Amino acid sequence: MEVIFNRRSIRRYKKQAVESEKIEKLLRAAMQAPSAANQQPWEFIVVQEKETLEKLSKISAYSKMTAEAPLAIVLLGNEDRMTLQLHWEQDLAAATQNILLEAAHLGLGGVWLGVAPMEERMEIISEIFNLKDKIKPFCVIPIGYPEENQNNKFIDRFDPDKVHYEKY
Ligand SMILES: Cc1cc2nc3c(=O)[nH]c(=O)nc-3n(C[C@H](O)[C@H](O)[C@H](O)COP(=O)(O)O)c2cc1C
């Protein structure tokens with residue numbers, strides 16, 4: 001899969017809107033992720049309103065690009081859907097990676113903005129969307145068509161020193 005190798009965090013976007021068919025493909029990719037006991041604890045908020053994107057850009061010092069993105073997807077875990085609560089963050093991480101890979105595949109770019117387990121960032125998102133306690137914000141992914149010179153491209157990170165065969 002070429003996108004695994006070419007995906008990069010994309011932080012600057014063209015103004016161009018992301019087509020609704022592509023948004024659905026991103027969400028479909030997310031929901032194909034593996035999850036503990038197949039619990040699929042995820043839910044998603046698709047955000048395209050400027051005012052909300054601006055609010056999301058303030059969750060940390062490292063999320064400013066969200067204000068300039070045409071789209072952001074907020075990933076949430078719903079406690080009611082969790083049979084194995086301990087694993088919800090891993091499930092959501094798999095869904096996040098699927099969105100990022102599908103975005104690269106569709107000619108889009110995005111970046112994973114970490115939220116959970118940082119209580120302060122989770123709280124900000126809960127307030128923006130007026131979420132009940134059982135709905136846990138996991139991350140935010142601003143997405144758009146990459147600005148020129150912001151493209152997904154291969155950077156070789158293979159490091160044989162990190163690989164151990166049979167024994168450590
Ligand atoms: C859990 C997690 C949290 C991250 N949070 C942020 C963030 O808040 N802001 C940001 O610009 N990038 C964030 N990133 C993206 C990383 O900085 C990026 O993946 C890393 O520098 C490697 O670059 P690449 O994605 O282009 O391979 C996060 C990535 C992960 C996995």
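**Close-up views of a predicted model**

**View 1. Contacts of Ile-141 in the predicted model.** When neighbours within four places in sequence are left aside, Ile-141 is in contact with Ala-72 and Ile-73, with Thr-96, Ile-99 and Leu-100, and with Gly-110, Val-111, Trp-112 and Leu-113.

**View 2. The largest nonpolar core.** This core has 36 residues, and those with the most contacts inside it are Ala-72, Leu-75, Val-140, Ile-141 and Ile-143. Two or more residues are given to the core by each of H2, E1, helix H3 (50-56), E2, H4 and E5, and the largest share, seven residues, comes from H4.

**View 3. Helix H4 (residues 88-105) and its surroundings.** At 1.5 Å a residue, the 18 residues of helix H4 should span 26 Å, and because its end C-alpha atoms are 26 Å apart, the model agrees with that expectation. Trp-88, Asp-91, Leu-92, Ala-95, Thr-96, Ile-99, Leu-100, Glu-102, Ala-103 and Ala-104 are buried in this helix. The buried residues of H4 pack against two helices, H1 (2-6) and H2 (20-31), and against strands E1 (42-47), E2 (71-78), E3 (109-110) and E5 (135-144). After H4 comes Gly-107, whose phi is positive, near 80°.

**View 4. Residues around the ligand.** The ligand is surrounded by Arg-8, Ser-9, Arg-11, Ser-60, Tyr-62, Ser-63, Val-111, Trp-112, Leu-113 and Gly-114; by class, this shell has four nonpolar, four polar and two charged residues. Val-111, Trp-112 and Leu-113, which are among the residues around the ligand, are also among those in contact with Ile-141.

Methods: Residues numbered from 1 in each chain as written. Predicted model: local features only at pLDDT ≥ 70, side-chain atom pairs only at ≥ 80, totals over all residues. Helix = DSSP H or I, 4+ residues; strand = E, 2+ residues; numbered from the N terminus. Expected span 1.5 Å × (residues − 1). Buried ≥ 20, exposed ≤ 12 C-beta atoms within 10 Å, placed from the backbone. Contact = placed C-beta atoms within 7 Å. Core = buried A, V, L, I, M, F, W, Y, C linked by C-beta atoms within 7 Å. Near = placed C-beta within 6 Å. Nonpolar A, V, L, I, M, F, W, Y, C, P; charged D, E, K, R; others polar.
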